[in-house]
Amino acid sequence: MLGLAAGLLLLVWSFPVLWGFLTSLKSERDVLAYPPVLVFAPTLANYRDVLFGATTILPNLLSSLIVSVSTTAVTMLLAIPAAYALARLELPAKRATGFYVLATQMLPPVGLVIPYFLMLRGLGWLDTYHGMVLLYITAALPFAIWLMVSYFEEIPREMEEAALLDRAGRLRALWHVVLPQARGGIAVTVVFVFLNAWNEFLFAVVLAGNTVRPVTVAMFNFISVEQTQWARLAAAAIVAMAPVILLGLFAQKHIVKGLTVGAVKGGGRR
Amino acid sequence: MSGAARIRLLGVAKRHGGVTALKDIDLDIAAGEFFALLGPSGSGKTTTLRILAGLESADEGRVLLDELDITDAEPGARDVAMVFQSYALYPHMSVHENIAFPLRMVSTPADEIERAVLQAAEKVRIGHLLGRRPGQLSGGQQQRCALARAIVRKPRLFLLDEPLSNLDAKLRLETRVELKKLHRSLDVTTLYVTHDQEEAMTIADRLAVFMEGRIEQVGTPEEVFAQPKSLDVAAFLGSPPMNFLPAKLVGRVARAAGQTIDLARDYGPERDAVLGIRPGAIRLEASGIPAQVYLVEQLGENAIVDLHVGETLVRVRVDRRVRVREGDTVHLAFSTEDLHVFDAATRQRL
C-alpha cells in the first residue's frame, strides 16, 4: 500500500517532467496532434536545434552558469560567517535581524522590479553580469543566512568549546569542527541559492536580456505571437534542467551524510 | 610547558544577567592534586570549571596558574584540557583524528603525533578503536576517547565536567577507579565536577562543596564528612542523608523530640539549634530513646530502618542481621561525639 502511494505521488510529481521529455522528442506536428499521441517516431532534431542550430541556447547556458555560480559563491561566502555569527554570538538586535531577513522574503519580486531598475540604471549596471549577480544576492543572501542559522544552532556549542581548548582558535574551530558538521545544511543552501538564480526569469527579462541573456530568457524566444515552438521549448527546458539535476545528485550525498553524521548521543545541556 | 600546576582562584565572581552565579570563590589547589567541585545542580561548580577553562570570563577576581595570571587568557593559551559531560567528540573525525586534533592544531610533526596518539589511546585502552567514528562507539568508549584527546597533549591542568554521568552504574564504578589510576600515572592537577557526593568522596584528594554560587566548605573528604561546617553541607553529604532534629540547647544538654540528650560540651545559655546524626552512627539497643519502626529497607549488606521519634522521622543504618519489624518499638543510642550541632538561625556548625 505504502509503495503504491509513493509510486502515485512520484508519478504526479514527475508527470510534467516526463511530458516535457516526451514532447522534446516529438516533431512539432506530433506535438500538436489531437488527441495527443503516445506512440510516435522519436527525433533528436529539437536537441540538435537548441544546442547547435540557429536557435542555440549554449551561450545562454553559459550566461546562466556565470550568473548562478557567481551568485552562489558570493552568497555562501557571505552567508556562512553571517549565519554562524547570528547562531552563536549574543548580538543586541538578533531577533529583529532574524525577522528582517525573513520579511525580505515576503516581498513579491514584481514589486521590486521598478526600484531595482532605477537603482541599476543609476549605477549604469543594467544588463551586466555584476548588476544581475548583485541583484540576485540581495534576494539569496537573507534566505541563505536564515536557512543556515538553524543548521549552525543544531551543532552543540561544546563541540566548539572543545576545539577552542584544543587550541584551534575561532576560525579554525569554524573550519575544522563546525563547517564539516554543517555540510548537509551548506549543501541544501547551495542547491536552493543556485536553483533560484538559475530559474530566475522576471528580473532577467526586464533588467537584462541582451548582453546577459540567461537560458530562461532565451527559452522565452521559442514563444512568439505567431506560434509557439513547443518541441524546441521542451528540449531547451530539458537541457536547462540538466545542470540543476546534476547539482542535486551531487549534493544529495552530502545532504544524507549531513543527516547521519551527528549521530553521537549526549549532545550536552543547553 | 608540562608538569602539574598550582591553581588559585582569588575572589572570583560571575553574574549571568542580573543573577549571581558565583560569589567570592577562593580556592587554592596544590600541584598534582585531584580536586572535586561538589554541589547540587546550579550551585556554580560547572561555571567555576568553565572560568578555569576560559570558556567564560570572571566578572571579578583573578585566576592564577602557578604565578601566571590567566584570568583573561584565551582557552587555547592556557595549557588546559577538558573532558565535557557530553564528551564533545568531533563526529566527522575518526577516533584517531579526534585524539590527534589538539596536536595538529599546534603543528606537531606527524611522527610525533602518531606516537602520542597511540600512547594516549593505549593508556585508556582504546588502541583497537582508532579507525572508528565516535558514533560507532559505546558510551564508555566515547568517554575514553574524550579522555585520550584531553591527555594526549600533556596539559598542566585537567578539567573533568561530570565525566561519569552518562555511563551506567557498573561502568561508572569501574571508570571511577580508572580515573584515579590515570591521575596518578599522569601527575597533572585535576579538577573534577560532580553532583554525586559518593563519587567525590571516593575519588578526590580534597573537595569543595558548592551551594548557591558560593563555596561552603573545602577539605579532605574525611574532614568534610566528619565536620560539616553547615547544615547544608551536612544534608548534602552522605547517603542516606544525615538525620536532623530541632532542639533547644541549655548548657551541656539538648532537648529534642521530648528527650534530653547529653552534649559533648557546654553551649551556654538557651538557644535554638538543630542536632544532626548520621544514619550509621545510631545503634539499636535495649535502652535509649524510644522509637517506632515505620519501614525497613533491605539493601543487602545492611538495611535502612525508618523510625518515628515523636513526630520526627529518623533513619538508621543497621546490619542486615538485625531483626526488626515494622511497628516494633526500639531504643536508639549513639555517642555524643557523633552528634553534630548547628545553629538554627545561621545554619552554621556550633
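Helices here are DSSP runs of H or I with at least four residues, and strands are runs of E with at least two.

**View 1. Chain A, a helices-and-nothing-else chain in this predicted model.** By that count, chain A has 13 helices and zero strands. Read along the sequence, then, the pattern is just α thirteen times over, from one end to the other. Its C-alpha atoms fill a box of roughly 70 × 60 × 30 Å along the principal axes. Of the 270 residues in chain A, 36% are buried. Look at contacts with a separation of 6 or more, and 78% of them join residues 24 or more positions apart.

**View 2. The largest nonpolar core, with residues from chains A and B.** This core counts 160 residues. Those with the most contacts inside it are A:Phe152 and A:Ala236, plus B:Ala148, B:Leu159 and B:Tyr192. The top contributor is helix α7 of chain A (residues 129-154), which puts in 14 residues.

**View 3. Zooming in on A:Phe152.** Setting aside neighbours within four places in sequence, A:Phe152 touches A:Ala83, A:Tyr84, A:Ala87 and A:Arg88, and also A:Val178 and A:Ala182.

**View 4. The six-stranded open sheet of chain B.** Going across, the strands run β6-β7-β8-β3-β9-β10, with mixed pairing. At the edges sit β6 (80-83) and β10 (214-219), each pairing on one side only. Neighbouring strands are turned by 20° against each other on average, direction ignored.

**View 5. Where β3 meets β9 in chain B.** Strand β3 (residues 34-38) and strand β9 (residues 206-211) pair in the parallel sense, over four bridges. One spot to pick out is B:Phe35, whose bridge partner in β9 is B:Arg206.

Note on methods. Residues numbered from 1 in each chain as written. Chains lettered and ligands numbered in written order. Predicted model: local features only at pLDDT ≥ 70, side-chain atom pairs only at ≥ 80, totals over all residues. Core = buried A, V, L, I, M, F, W, Y, C linked by C-beta atoms within 7 Å. Buried ≥ 20, exposed ≤ 12 C-beta atoms within 10 Å, placed from the backbone. Contact = placed C-beta atoms within 7 Å. Pairing = 2+ DSSP bridges. Axes fitted to C-alpha atoms, helices over the stretch in contact; angles between N-to-C directions.
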